[in-house]
Amino acid sequence: MQYFLKRLNSILIKPAGPDCNMACTYCFYLKKAKLFSKTKKHRMREDILEETIRQAMTQSEDQISFAWQGGEPTLMGVAFYEKAIRFQQRYGYNQLVGNGLQTNGLLIDRNWAKFLKRYKFLVGISLDGPKHVHNRYRKLKNGQGSWSKVVDKAKLLLDSGVAVNALTVVNDYSVRFPEEIYGFLKEMGLSYMQFIPCFETDPGDPKRVASFSAPPLEYGKFLCRVFDLWLTDFVNDKPTTSVRLFDSLFFRYVDMEPPDCALMSECGVYVVVEHNGDVYSCDFFVDPEWKLGNVMESNLINMLNSKRQHEFGNRKANLPEACQKCPWLKFCYGGCPKDRLRLPSDNNLNHFCQSYKIFFEHADPHFRKLAQDWRKRQWGEDGTCK
């Protein structure tokens with residue numbers, strides 16, 4: 001079978017594995033510690049870091065993006081990332097290199113902010129909204145809420161000139177407060193927002209949805225309300241805030257491939273490197289079934305283009321009849337497999353299928369108008385490129 005050769009454009013690295021200094025109720029990654037049970041503390045060795053970056057730099061083409069996640073990646077300390085930058089400089093050959101750090105913010109201080117600013121890291125800070133929303137599930141290990149600490153760290157990053165966006169998990173509680181959450185983030189100066197709907201299975205019964213998961217109907221209404229707020233903030237027909245889902249969907253409306261892999265027809269476009277060098281198909285599927293190899297034994301580009309990774313990516317295209325007949329198929333392609341394939345079900349539908357139908361029906365006329373206006377600005381009324 002012939003496969004389309006995938007380029008190594010992005011790589012997600014978990015240098016501290018599943019280790020974290022918080023205990024968020026809905027976190028799906030803490031339980032991954034059982035995969036690495038030989039030690040309680042998980043930290044990437046320098047030789048694994050160097051080999052990972054060497055391969056990423058030499059096997060990529062004109063650009064490469066590194067996403068540093070966890071667990072909590074700041075547990076590694078600033079010195080670890082200074083080494084990462086040196087390795088990128090050593091093995092690079094004039095590529096465009098991007099670094100992104102997703103953090104709960106607790107360990108951020110002025111030294112961190114100075115480093116992140118100097119090397120132009122894009123920082124995602126995990127902040128679910130105002131105090132009563134954030135503290136509902138984002139707990140410190142002593143059970144106390146983390147909101148005050150996280151807000152202080154976010155302000156420090158913003159005041160230091162670091163590029164910061166907000167990663168906001170939408171759960172059974174926060175889904176009730178779209179206006180309050182959007183307004184809070186905007187007031188904080190976090191004008192780049194990413195809303196992640198929470199969907200997990202019940203730890204005591206994997207056949208049931210966890211109670212903290214966002215209900216589909218309510219999440220659909222949440223998206224519609226945030227979309228309306230986003231539109232209201234347009235100035236001169238251009239958005240003043242960025243919501244990742246809306247930005248990505250706009251690509252579809254102007255006939256371009258969206259940057260969000262959840263909206264692509266096939267996934268598996270990147271790989272995940274764990275702290276010990278093990279490579280997996282996806283952040284949400286760090287499981288023995290989807291282990292592709294180890295960076296100390298195999299090449300990243302070969303693992304990205306392996307038969308197993310193609311099998312992983314093609315699972316997304318295995319859509320039920322309801323999806324194949326859906327008028328919104330070309331916009332979501334069934335959504336992220338993490339929301340489709342984890343509950344025993346005959347229909348194989350995305351848990352948030354109802355949410356997206358509600359949203360598309362509401363937002364489609366507006367997106368079409370935005371796309372029409374964009375084309376006019378790009379090409380002019382007569383179709384001539386400006």
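This section describes two N-terminal helices, the aromatic pairs, one helix crossing and two buried loop residues in a predicted model.

Helix H1 contains 14 residues, which should span 20 Å at 1.5 Å a residue; the end C-alpha atoms of H1 are 20 Å apart, in agreement with that value. The buried residues of H1 are Ile 48, Leu 49, Glu 51, Thr 52, Ile 53, Gln 55, Ala 56, Met 57 and Gln 59. These side of the helix packs against strands E1 (10–14), E2, E3 and E10 (271–274), as well as against helices H2 and H9 (300–304).

Helix H2, formed by residues 78–91, likewise has 14 residues. From the first C-alpha to the last, H2 reaches 20 Å, close to the expected 20 Å. Buried positions in H2 are Val 78, Phe 80, Tyr 81, Ala 84, Ile 85, Phe 87 and Gln 88. Their cover includes helix H1 (46–59), strand E2 (63–68), strand E3 (96–103) and helix H3 (110–118).

Aromatic pairs number 37 in the model. One of them joins Phe 80 and Tyr 81, whose ring centres are 5.1 Å apart; the planes stand at 85°, so the pair is edge-to-face. Both Phe 80 and Tyr 81 are buried. A second edge-to-face pair is made by Trp 230 and Phe 234, with centres 5.0 Å apart and planes at 90°. Trp 230 and Phe 234 are both buried as well. Ring pairs also connect Trp 230 and Phe 234 to a cluster whose members include Phe 227, Phe 246, Tyr 253, Trp 328, Phe 331, Phe 359, Phe 360 and Phe 367.

Charged side chains lie over aromatic rings at two further sites. Lys 14 is placed over the face of Tyr 29, 3.8 Å from the ring centre. The charged end of Arg 315 sits over the ring of Phe 285, at 5.0 Å from its centre.

Several members of the aromatic cluster recur in the packing of two helices. Helix H8 (residues 244–253) packs on helix H13 (residues 353–379) at an angle of about 65°, and the two axes are 9 Å apart. The crossing of H8 past H13 is right-handed. On the H8 side the contact involves Phe 246, Leu 249, Phe 250 and Tyr 253. These residues meet Phe 359, Phe 360, Asp 364, Phe 367, Arg 368, Leu 370, Ala 371, Trp 374 and Arg 375 of H13.

Trp 328, another member of the cluster, is located in the loop between helix H11 (321–324) and helix H12 (329–332). Its relative accessibility is 13%, so Trp 328 counts as buried. Beyond its neighbours within four places in sequence, Trp 328 is in contact with Lys 357, Phe 360, Glu 361 and Asp 364. Trp 328 and Phe 360 are 32 residues apart along the chain, and their C-alpha atoms are separated by 7.3 Å.

Arg 138 occupies the loop between helix H4 (131–137) and helix H5 (147–159). With a relative accessible area of 8%, Arg 138 is buried. Residues up to four places away in sequence aside, Arg 138 touches Met 22, Cys 24, Tyr 26, Ser 126, Asp 128, Gly 145, Ser 146, Leu 167 and Val 169. The C-alpha atom of Arg 138 is separated by 37 Å from that of Asn 299, which lies 161 residues away along the chain.

How values were computed. Residues are numbered from 1 along each chain as its sequence is written. This is a predicted model: local features need pLDDT of at least 70, side-chain atom pairs count only at pLDDT 80 or more; totals for chains, interfaces and linings use all residues. Side-chain values use heavy atoms; hydrogens and water are left out. Helices (H or I, at least four residues) and strands (E, at least two) are DSSP runs, numbered from the N terminus. The expected span of a helix is 1.5 Å times one less than its number of residues. Buried means under 20% relative accessible area, exposed over 50%, partly exposed in between (1.4 Å probe, protein chains only). Contact means heavy atoms within 4.5 Å. Rings of Phe, Tyr and Trp (its six-membered ring) pair if their centres lie within 6.5 Å; planes under 30 degrees apart count as stacked, over 60 as edge-to-face and the rest as tilted. A charge sits over a ring if NZ of Lys or CZ of Arg is within 6 Å of the ring centre and within 35 degrees of the ring normal. Axes are lines fitted to C-alpha atoms, for helices over the stretch in contact, and angles run from 0 to 180 degrees between N-to-C directions. A crossing is left-handed if the near helix is turned anticlockwise from the far one by less than a right angle, and right-handed if clockwise.
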